[in-house]
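Me: I would like a close look at a single part of this structure, set out step by step for a first-year student. Please begin with the term that the explanation depends on.

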Amino acid sequence: MTDLHELTLAEQAAAVRERTVSPTELADHHLRRIEELDPTLGAYRAVDAPGAHRAARAAEARLAAAGPGDGAALPPLLGVRVQVLGPEQPVQLLGRHLPAAVVGGLLHHPR
């Protein structure tokens with residue numbers, strides 16, 4: 001299987017909806033990558049691991065309530081973590097100019 005961080009945002013979201021990966025597994029994978037690589041990259045000012053785990057558990061509860069086969073009724077990015085940039089680094093996401101939000105993988109920006 002491809003490493004989770006190599007999946008696109010859409011592939012990660014599909015894996016969560018199809019229940020081939022749980023939101024907690026996805027969050028843990030990305031948190032491990034951040035712990036492993038960020039000392040060298042310096043991409044994050046803060047990492048909210050407890051918040052990531054709370055959000056993952058909430059996504060899992062929502063998946064369980066939806067039941068199998070109800071993936072289309074769920075939010076499209078349910079269970080996928082989003083890294084947030086500061087207001088000095090706006091990005092485009094889904095065609096909208098946002099002051100935050102780049103999804104998946106590690107970001108590197110100059111300090």
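Reply: A residue counts as buried when its relative accessible area is under 20%, and as exposed when that area is over 50%. With this cut-off in hand, one helix of the model, which is a predicted one, can be examined in detail.

The part chosen is helix H3, which covers residues 49–66. To place H3 in its setting, the chain contains 3 helices and 4 strands, arranged along the sequence as α-α-α-β-β-β-β. Of the 111 residues in the chain, 38% are buried.

Consider the length of the helix. H3 is made of 18 residues and spans 26 Å from its first C-alpha to its last, close to the 26 Å expected at 1.5 Å a residue.

Which residues of H3 are buried? They are Gly51, Ala52, Ala56, Ala59, Leu63 and Ala66. These residues lie on the same side of H3, because they cover an arc of only 135 degrees around the axis. On the other side of H3, Ala64 and Ala65 are exposed.

The next matter is what the buried residues of H3 pack against. Their partners are H1 and helix H2, the latter covering residues 23–41. The arrangement can also be read from H1, whose buried residues are Gln12, Ala13, Ala14, Ala15 and Val16. The cover over these residues of H1 includes H2 and H3.

H3 also takes part in the largest nonpolar core, a group of 13 residues. Among the residues with the most contacts inside this core are Leu63, Val16 and Val21. The elements that contribute two or more residues to the core are H1, covering residues 9–17, and H3. Around Val21, once its neighbours within four places in sequence are set aside, the residues in contact are Leu4, Ala15, Val16 and Leu26. Two of these names, Ala15 and Val16, have already appeared among the buried residues of H1.

Finally, the ends of the helix deserve attention. At the N-terminal end, Asp48 acts as a cap of H3, with a side-chain oxygen 2.9 Å from the backbone nitrogen of Gly51. Gly51 itself is one of the buried residues of H3. After the other end comes Gly67, which has a positive phi, near 80 degrees. H1 is likewise followed by a residue with positive phi, Arg19, at a value near 65 degrees.

In summary, H3 has a cap from Asp48, a buried side that packs against H1 and H2, and Gly67 following it.

Key: Residues numbered from 1 in each chain as written. Predicted model: local features only at pLDDT ≥ 70, side-chain atom pairs only at ≥ 80, totals over all residues. Heavy atoms only, no water. Core = buried A, V, L, I, M, F, W, Y, C linked by side-chain atoms within 4.5 Å. Buried < 20%, exposed > 50% of the residue type's maximum accessible area, 1.4 Å probe, protein only. Contact = heavy atoms within 4.5 Å. Expected span 1.5 Å × (residues − 1). Arc of directions from axis to C-beta. Polar contact = N/O pair within 3.5 Å; in protein donor to acceptor, adjacent residues only side chain to side chain.
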